[in-house]
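Colleague: Please take a close look at a single pocket in this model and describe how it is lined. Then go on to the enclosed spaces and the aromatic contacts.

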Amino acid sequence: MRRRWTAILAAIVAIALVPSTTVPARAATPITTAIYTADPAALVVGNTLYLYTGHDEAPAGGTNFVMRDWHVYTSTDAATFTDQGAKLSLSSFPWAGGDAWASEVEPRNGKYYWYTSINGNGPGWMNIGVAVGDSPLGPFTDAKGGPLISDSTPNSSPLNIDPTVFTDDDGQAYIYWGSYYGVRAAKLKPDMINLDGPVVTPSGVSNFWEAPWMFKRNGTYYLAYAANDSGCSQPGYACIRYATASNPMGPWTQRGVVLDQVTSTTNHPAIIEFNGQWYMVYHNAGAPGGGNFRRSVTLDKLYWNADGTMQKVVQTTTPIGGGGGQPPAGTNHALTATASTSYVSPWETLGAIKDGFLPSGSADHSHGAYGNWSHQGTEWIEYQWPSARTLSKVATYWFDDDQGIDLPASCQVQYWNGSAYVNVPGQSACGVGANTYNVTTFGQISTTRLRLNITSRTGYSTGVLEWMAL
C-alpha cells in the first residue's frame with residue numbers, strides 16, 4: 001500500500017521535530033497469583049470482560065494435571081481482575097470422573113452455555129459436557145445429563161477436549177474441538193446441547209494440535225489453535241497458529257503464528273475485543289512457583305494489519321495499561337555507534353534508531369523514524385564502532401505507519417568477524433511484534449560492526465524507531 005503523499009510531503013518539508021511526552025508502558029502479568037489458572041476462555045457482556053479458567057492444583061514438582069473446578073474472573077479495564085470463585089466443578093456433572101480441563105462459555109437466548117472437557121465415568125477417556133446458567137456467573141447446572149461429545153460420537157477426535165463454540169450472525173452455532181492432530185467441527189441445534197448433523201474434519205487447519213478458538217471479524221472467520229510443529233516451537237512446546245476462512249466450516253487457509261511458545265509446554269488462546277482493543281488471552285508458567293502443571297492465565301494486546309492478518313503478539317511481563325514497552329536494561333552501545341543502511345527514504349531519519357527516545361507505540365515517529373519505503377525485500381541497518389564492543393543482545397522497536405510501512409516478515413542479526421558478515425551464533429528469535437522492544441539474545445560476541453537484516457512482508461516496506469545494541 002502506498003503511503004499517503006500528503007504525509008510524505010509534510011515530512012520532507014519539516015524542519016523540526018517537537019519532543020512529546022510518553023507514558024511508560026504497562027503490560028501483562030498473571031490475572032492472579034493466589035491460585036494457578038489455565039486454559040482461558042473470554043466473553044464480553046456489557047462493559048465487563050469475563051475470563052473462564054481452569055484451576056491447576058498440582059503440588060510443586062508434580063508431573064500430572066490436577067484440575068477439579070473452573071473459576072470466573074471479571075474486569076472492567078482488562079488490567080485488574082476479580083476472582084468470582086469456582087462457578088463450576090466436576091461435582092456439577094454426576095457422570096464426571098475427573099479432569100476439569102479447557103472450557104468455553106457461549107451466550108444464547110438469555111442463557112449461558114458452559115462447554116467443558118471432562119473425563120467421564122464410562123468407557124473411553126475425555127468427553128465434552130455442557131452446563132447452563134441464567135447469567136455469566138451462573139449458577140450453572142448440567143444441561144444434558146451426559147456428554148455432548150464422547151468417543152462413541154461418530155468421527156469424534158482422537159481426544160475430545162478443548163471446545164470452542166461460535167454463533168454466526170444468522171444464529172447458527174458451531175462447535176470445534178479436539179487434540180492429537182484431530183480437529184473436529186459440527187453444527188449445534190438451537191437448544192445448544194445437541195449436535196445438528198455429522199461431525200466433520202475441517203480441511204486446511206495445518207499443524208493442529210489442540211486448543212481451538214473461533215471468532216469472526218469483518219466478515220472473515222478466524223480459527224486460532226495450538227500447534228507444536230518444528231516451524232514454530234521447540235520439541236514438547238506449542239505456539240499459536242491461526243487460519244482464516246469465508247465459511248465457518250472451512251476450508252481454512254493457514255496464516256501463520258500469532259503467539260510464540262510460552263514458558264509452559266502447553267499453550268491455549270482466547271482472542272477477544274474489549275473496549276475497542278483486541279487481546280490475546282493465554283496461559284504460561286510465569287507465576288511464582290509455576291510450571292507445566294501450575295500455569296497462570298495472562299493477556300496481552302493484539303494488533304491487526306490492514307489486510308486483516310494478525311500481528312504476532314508480544315509477550316510481556318508487567319501489568320496491562322498504556323503503551324510503548326520498556327527498553328531492556330544494560331549499556332546501549334548504539335548511542336556511541338555510527339549508523340548506516342542499505343537504503344533510507346529521503347524524508348526519514350536514520351539517526352532516529354539510536355536517539356534513545358521511548359516511543360509510545362509503533363506509529364509514534366514524533367522523534368523521526370528509519371523507513372525504506374518504497375523498497376521491498378531485504379534491507380539492512382548497521383552500527384560501527386572505532387573499537388570492539390562486547391554485545392549479548394539487541395532490542396528492536398519497529399516502525400509501522402499503517403500505510404506503506406509495516407512490521408517485517410522476519411529479521412536476522414549479523415556481526416563482522418573481521419572479514420565478512422556472519423549470523424550471530426545462538427541468537428534467539430528475532431521478534432517482529434508491534435508496540436514494544438523485541439529483544440534478541442545471544443552468547444557474548446566482540447565486534448566492531450553489527451547488522452540487522454530486515455525482510456519485508458509482500459507489498460510493504462519496513463521501518464525502525466529504535467535499535468539497541470547491549
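**The second largest pocket and its setting**

Modeller: The second largest pocket holds about 340 Å³ of space. The model is a predicted one, and every value here is computed from it. The lining of this pocket consists of 20 residues, and those nearest its centre are Ala42, Leu43, Glu106, Trp213 and Ile272. At least two lining residues come from each of strand 1 (36-45), strand 5 (96-108), strand 9 (164-167), strand 12 (210-217) and strand 16 (270-274). Ala42 and Leu43 fall within strand 1, Glu106 within strand 5, Trp213 within strand 12 and Ile272 within strand 16. By residue class, the lining has 15 nonpolar, 1 polar and 4 charged members.

Enclosed spaces come next. The model has 3 cavities of 30 Å³ or more, and the largest cavity has a volume of about 50 Å³. Around the largest cavity stand Asn305, Ala306, Asp400, Asp402, Gln403, Ile405, Asp406 and Tyr460. In that lining, 3 residues are nonpolar, 2 are polar and 3 are charged.

As for the aromatic contacts, there are 25 aromatic pairs. In one of them, Trp114 and Phe140 have ring centres 4.9 Å apart and planes at 80°, so this pair is edge-to-face. The two rings come from distant parts of the chain, 26 residues apart: Trp114 belongs to strand 6 (residues 111-120), while Phe140 lies in the loop between strand 7 (126-133) and strand 8 (141-142). Both Trp114 and Phe140 are buried.

Tyr176 and Trp252 form another pair; their centres are 6.1 Å apart and their planes stand at 90°, so this contact is also edge-to-face. Here the separation along the chain is 76 residues, with Tyr176 in strand 10 (residues 173-177) and Trp252 in the loop between strand 14 (239-245) and strand 15 (253-259). Tyr176 counts as buried because its relative accessible area is 0%. Trp252, at 5%, is likewise buried.

Trp114 and Phe140 are also members of one aromatic cluster, together with Tyr50, Tyr52, Trp70, Phe93 and Trp95.

Two arginines are placed over tryptophan rings. Arg451 has its charged end 3.8 Å from the ring centre of Trp380, over that ring. Arg449 lies over the face of Trp416, 4.1 Å from the centre of the ring.

Notes. Residues are numbered from 1 along each chain as its sequence is written. This is a predicted model: local features need pLDDT of at least 70, side-chain atom pairs count only at pLDDT 80 or more; totals for chains, interfaces and linings use all residues. Side-chain values use heavy atoms; hydrogens and water are left out. On a 1 Å grid over the protein atoms alone, a cavity is a set of points where a 1.4 Å probe fits but cannot get out, and a pocket is an open set with protein on both sides within 12 Å along at least five of seven lines; lining residues have an atom within 4 Å of a point. Grid points are joined across faces, edges and corners, and a volume is the space filled by probe spheres set on the points. Ala, Val, Leu, Ile, Met, Phe, Trp, Tyr, Cys and Pro count as nonpolar, Asp, Glu, Lys and Arg as charged, and the others, Gly among them, as polar. Rings of Phe, Tyr and Trp (its six-membered ring) pair if their centres lie within 6.5 Å; planes under 30 degrees apart count as stacked, over 60 as edge-to-face and the rest as tilted. Helices (H or I, at least four residues) and strands (E, at least two) are DSSP runs, numbered from the N terminus. Buried means under 20% relative accessible area, exposed over 50%, partly exposed in between (1.4 Å probe, protein chains only). A charge sits over a ring if NZ of Lys or CZ of Arg is within 6 Å of the ring centre and within 35 degrees of the ring normal.
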